[in-house]
Amino acid sequence: MDRRRFLSTVGAGTVTGIAGCTGPPNRQDPSGTGRPRLGVEGRWLTDPNGTRVVLRGVTTVDPWWGTKHAERRGKAYWDTLELATDPDAGWHSHVLRVPVRPRSIAEVGLETLVEEYLDRVVSLARDRDVYVIIAYGATERYDTAEIDDRLLTFWNRVAPRYADETHVLFDLFSAPGQPAEDERQTWLTWRETAQPWVSQIRDHAPETPVIVGSPGWNSLTKYATADPFGDDNIVYAFHVNPSWDPDTWEETFGDLAFDIPLFATEWGYVGVNGDGIPAHLIGSTDDWGKPFRAWLTTHTNVNWCATTFDSIGQPRMFDTDWELLGGDTHMGALTKEWLAETRTEQWPPGRSPDSAQSGTGNRPPAPPSEIKVTERTQQSLSIAWSESTDPDGDRIVQYRVRRDAVEVAVLGGTARKLTLTDLEAGETYQIGLTTVDEHGRSSTQETTITATTQSVTQPEAIIERTSTPPTMDGTLTETWSDVPAHQIETAIIQDSRETDFRGEWRALWDESALYYLVVVEDPTVTSESDEMYQNDSVEIFIDPDNSRGQSYDGDNDAQILFERGHNIAVPGYHTFDGFSYKQVDVSQTETPAGWHLAVTLPWAVLQTTPIVGHRFGTNIHINDDGDGGDINSKYSWFSANGEAWMNPSTFALVELGE
């Protein structure tokens, strides 16, 4: 059974256990006016014909407050609602969410607020042919006797008054606050507390959809899947703002969309810090607004209202002259554009998602074709992966990440990277990815990679990263002068007569290659032996994957020889068979003191992908033939045992740095 169907079955069973089975409501509009009654079918809102509907619109300010502060706001409240629903002005809101604040009720009384404000809101929405959500706009504790009394009083008056208005939905409690511990028991306590409020609404308005949030200001909605309310006509609310890390959106909110109907009743941001703007709202269009839209678009059944359609209420979409605010600092332009571009999607008599999208097949998606490690530390591994595809053209909605067979992250379909933290140093982990499409179908296969964190052992050298390739003609340029030099002075073979023989090496790296510059002080050129390692030469040993075996592994371990006066790389006896020596760029320069060797060693030749924090084994030898016979001196940068030509475990540990 598909994982999504299983969860849906669990959820449905829970509802039945609470409330029993109920049939679909009669959603025809008895008056013949207004939008058709919506209801919940599975994870969708649908109209009476069974057409799937997604409501997209805006949240306004409280109607009494908006009217009282019309001069300060720069526009009459009722003109605000008309603008939000005026297609000629480019606004295509299909729903208005109108919060009623407890303070407003206390100021003018519930009767006045209903008769002079809400009646007009409902009438205007009907005339504008849009839906309207009446929300009890409280953001406070939910477990007090006072809030219980206020909610029961409010819905006892509001629910029966608008029960027959088919274009009206109810939002039970805008943003319940504490208690808000992130655990199942908190949700169960909330459900037990709020169920009587839902039941009271249902007694008066049996067919009106009710939007229900969760504690923590609508941040714990994830527990609704397994333990829903005892009502078949509920839509579950969540709020998202810039304080939420985008990497958490899918697991915390999006994952629910496969199982239950969802409504992002408030989302928004503002990129200007000041004027008392709460820190949790500070965000930008590029870093938050556009990624949020891209993410939410992958969940075709999620309804939303952007907040706030106002010139004062934050995050605001207009200035007080009612000029639209946009750019990177405000959300007005993005919201308007989004509403315009989706004005016909899942909107009666619009198309159902299956006809509005290209993919209608039943085949599961493919997993990513490739995963790679992009950075490693002692406690973390950063990974990246290729985009998945779906054989039927369906949207990729999720990437589910497992570490050693345990699921550790659920990310949106636009994600391409993740950093796994709290790992152990020097440990090897198997990381796997599966893919989920918009219908909840998971890939049948998993793409995996095995990766090891850095060991506690400190590297002998850190090779710095370069943004531009250095000069590789063998000269000691200014760029190379700033690179740390490592002395090659450990004697393997030493001729006491050669007191002027010494060397040093430097290295840089980028995504293309590893760059070596070896400086050898040896003023006498002697190269008469047929065996190049018996002549003046340099040997670079490298174990790119740091396998550190007692012998060369045949995969990418290499000994590369460079004879003085010959610009060619020659593989040593144990170097792996696929070594493409012709792709190694070599340049030499003779100097009064000796010679310089510059080597560009492409990562492709080493069959390695470079990342910050990557560690590998290496050593460098310099050889001197002082009399035309065998070498007289051999110096090593690291090990003095002379076994590097056959034993990579003798190499030094080096690391690719920033």
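Is Trp190 buried or exposed? I looked this up before anything else. The model is a predicted one. Trp190 has 0% relative accessibility, so I put it down as buried.

**Entry: aromatic pairs**

I searched the whole structure for aromatic pairs and got 40. One of them is Trp190 with Phe229, in an edge-to-face arrangement. I noted 6.5 Å from centre to centre and 70° between the planes. Trp190 belongs to helix H8 (residues 184-204), while Phe229 sits in the loop between H9 and S9, so this pair ties together parts 39 residues apart in sequence. I then checked the partner: Phe229 has a relative accessible area of 0% and is buried, because the cut-off is under 20%.

I turned next to Phe541 and Phe651. They form a tilted aromatic pair, with 5.9 Å centre to centre and 45° between the planes. Phe541 lies in strand S24 (residues 537-543). Phe651 lies in the loop between strand S30 (633-636) and strand S31 (652-656). The two are 110 residues apart, and I recorded the pair as a link between distant parts of the chain. Phe541 is buried at a relative accessible area of 0%, and Phe651 is buried at 1%.

**Entry: aromatic cluster and helix H12**

I also listed one aromatic cluster. Its members are Trp249, Trp267, Tyr269, Trp288, Phe292, Trp295, Trp304 and Trp338.

Trp338 took me to helix H12 (residues 332-341), where it is one of the buried residues. The others I wrote down for H12 are Gly332, Leu334, Thr335, Leu339 and Ala340. What covers these buried residues? I found that the cover includes strand S4 (56-59), S10, helix H11 (285-297) and strand S11 (303-307).

**Entry: second largest pocket**

How much space lies in the second largest pocket? I have about 930 Å³ for it. Its lining is made up of 33 residues. Nearest the centre of this pocket are Thr139, Glu266, Thr307, Thr308 and Gln314. I then asked which elements give two or more residues to the lining. These are helix H5 (102-108), helix H9 (215-218), strand S9 (234-240) and strand S10 (262-267). Strand S10 had already come up in my notes, as part of what covers the buried residues of H12.

Last, I sorted the lining of the second largest pocket by residue type. I have 16 polar, 13 nonpolar and four charged residues.

Methods:
Residues numbered from 1 in each chain as written. Predicted model: local features only at pLDDT ≥ 70, side-chain atom pairs only at ≥ 80, totals over all residues. Heavy atoms only, no water. 1 Å grid on protein atoms, 1.4 Å probe; cavity = no way out; pocket = protein on both sides within 12 Å on 5 of 7 lines; lining within 4 Å. Points joined across faces, edges and corners; volume = space filled by probe spheres on them. Helix = DSSP H or I, 4+ residues; strand = E, 2+ residues; numbered from the N terminus. Nonpolar A, V, L, I, M, F, W, Y, C, P; charged D, E, K, R; others polar. Buried < 20%, exposed > 50% of the residue type's maximum accessible area, 1.4 Å probe, protein only. Contact = heavy atoms within 4.5 Å. Phe/Tyr/Trp six-rings, centres within 6.5 Å; stacked < 30°, edge-to-face > 60°.
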